[in-house]
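User: Please take a close look at one helix in this complex and at what surrounds it. I would like the surroundings explained in connected prose, with the terms defined as they come up.

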Amino acid sequence: MIFEQNAARSIEDCRVLIVDDQETSLLIMATLLEDLAQCETVNSASDALAACEKQLPDLIITDVNMPGMSGHELCQLLRKSPETAQLPVMFVTASDSDEEQEKCWQAGGVDFVTKPIHATTFRNRVKFQLSHKLKTDLLETLIYTDRLTGAFNRHYMDERLPSIVKEAQRENQPLAVAIFDIDYFKQYNDQYGHMAGDSCLWKLATAVRQNLMRPMDHLIRVGGEEFLVLLPRTETEGAEVVCHRMLETVSGLNIAHQRSEFGHVTVSIGLSIYHPAQSATIEDVLLQADKYLYQAKASGRNQLAQAD
Amino acid sequence: MSELLPIWDQSGALQRLMNKEALLQRVLLMFLDQAEPRLMEIRADINQGRISQAKATTHMLKGSAGEVGAMRLHASLGRLEACLISEPARAADLYNTVAYNYQLFVNEAKHNA
C-alpha cells in the first residue's frame, strides 16, 4: 500500500523550491526545469523557510548572495531542524573559486552550479539529486514504515523520538503523547480471522493518519494492535481534540465487531503531555500514557483517559 | 581586457538556455527593464558612500548581465564589484566604464532585436 505510493513517485512528481532574489534567475531556472519537476519560486531565504513549513520540497536550489539571510545561512538553518536536516540543498554561485566551493560544502550543500547557468549541466545535476532523493525516500520507507499499516514502526520511534524531544526542549514546547489500541482485537481475530484483522488494522491506521492534520504529527505502530501518536507543540486542549477525533473516526469506520458491546471496532486512548520545563522525562510520560490507556480500558473502553 | 570580449554573446546565451529563444527574449526584456534603475542606484550609492549597498546591487546586476550574454558589461560589473570591496575610492571611475558598456549592450541588443 504505502510502497505502491512511493514506487509510483517519479522525478516529475518531485517538488523543487528555487530561491533567488533575482527575477531573471528565477525565470531561467524555473523554465529550464518546468518539464522535469514541479517548481516553486521564492525571492528570499525567509520565504524559503516559510515554504518549507507548509510543505517540504524534494530539493532546494538557492542563490548564495541574497539580502538578509544568505543561501549558506539558509542551508545551515535547515540542517539544524530534524524535519529539514536531510533536505538536499544545491547552491547557485557566482564563482567556483576554491573558497566558494569550501563554503558550499561546509554549509551542508549537496552540489553547486555557477552563474550564468548552463542548462544541460543544471538539468542533469537536478535530475541526479531528485533521483537520489527518490531512492533515499524509498529506502527510508522500507526501514521506517510498518508494512501492513503504513504507520511508522518501532525502529522509527527509537531513532526519531530523541530528536523530537530535543526539539521540544529547544523550543520549550509541549509534546502530546497518545497511546491507543483496538478494543477486543484478539476477539476480532478469533471471530473474523487474521486477514480480516490485518485489513482492520490497515483501515484504522489509514483513517487515523488522514486525521492527523500536520506534517509534524506522527502515527507509530508500537505493538500488534497498539499505536502511539506524537503531537509536537500541542498542549492538553489540542491533544484532547485530536484524540476525540480519533475516537469518532474509528467509530465512524463502522467495522462490524460482533464480540464488542459497541457492535463495531473501537479504540481506547491514554493521553499524557511532556513539558520540557517539568522534571518528568519522556519515558515517564510514555509510561503515564500507557497507564491512562489501561484506565480507559478499565472504565469501559471506547474512550479517552488522561490526567484530571 | 574587456574590449576583447563580445558586447553581446547572443549565441552563447542561447546555448546556455538550451536554445530557448522565447526564454532569452523574456530574460532580456526583464534585464533591460531593471538595468537602468539599478545603475542609477549604484551611482547614487557610490556618491553617497553606501558601499555595501552599491556592492549588493552591482553583484545582482552582474548576475543578470551574465545571463543575457552581456559579456563586457558583466566583466566591468565584476571589476566594479571587486573594487567596491578593495578600493572603494576608485569606484566612481569604474562606474563610468560600466555605464559605457551598458550603453554598448543596449545599442547592440536593439540592433539585433
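Analyst: The account below starts with the model itself, goes on to one helix of chain A, and then widens to the two chains.

This is a predicted model, in which local features need pLDDT of at least 70 and side-chain atom pairs count only at pLDDT 80 or more, while totals for chains, interfaces and linings use all residues. Residues are numbered from 1 along each chain as its sequence is written, and chains are lettered from A and ligands numbered from 1 in the order in which they are written. The predictor assigns the complex an ipTM of 0.88 and a pTM of 0.73. Chain A has a mean pLDDT (the predictor's confidence in each residue, from 0 to 100) of 93, with 98% of its residues at 70 or more. In residues 1–6 of chain A the pLDDT is below 50, and this stretch has nine contacts in the model beyond near neighbours in sequence. Where pLDDT is low, the predicted coordinates should not be read in detail. For chain B the average pLDDT is 93, and 96% of the residues score at least 70.

The helix in question is α2 of chain A, residues 23–33. Helices (H or I, at least four residues) and strands (E, at least two) are DSSP runs, numbered from the N terminus. Its buried residues are A:T24, A:S25, A:L26, A:I28, A:M29, A:L32 and A:L33. A residue is buried if 20 or more other C-beta atoms lie within 10 Å of its own, exposed if 12 or fewer, and partly exposed in between, with C-beta atoms placed from the backbone. Within chain A, the buried residues of α2(A) pack against β1 (15–19), β2 (38–42), β3 (59–63) and α6 (119–144). From chain B, α2 (21–47) and α3 (51–68) pack against them too.

Those two helices of chain B also figure in the interface as a whole. There, 16 residues of chain B are in contact with 18 residues of chain A; two residues are in contact if their C-beta atoms, placed from the backbone, lie within 7 Å. On the side of chain B that touches chain A, α2 and α3 of chain B each supply at least two residues. The largest share, seven residues, comes from α3(B). By class, this side of chain B has eight nonpolar, four polar and four charged residues. Ala, Val, Leu, Ile, Met, Phe, Trp, Tyr, Cys and Pro count as nonpolar, Asp, Glu, Lys and Arg as charged, and the others, Gly among them, as polar.

As for the chain that holds the helix, chain A has 11 helices and 10 strands. Of its 308 residues, 37% count as buried. The C-alpha trace of chain A spans about 70 × 45 × 25 Å along its principal axes. Of the contacts in chain A with a separation of 6 or more, 64% are between residues 24 or more positions apart.

Elsewhere in chain B, helix α4 (residues 71–86) packs with helix α5 (residues 91–112) at an angle of about 165°, their axes 9 Å apart. Axes are lines fitted to C-alpha atoms, for helices over the stretch in contact, and angles run from 0 to 180 degrees between N-to-C directions. That angle makes α4(B) roughly antiparallel to α5(B); angles under 35 degrees count as roughly parallel, over 145 as roughly antiparallel, 65 to 115 as roughly perpendicular and the rest as oblique. The contact of α4(B) with α5(B) has 12 nonpolar, three polar and two charged residues.
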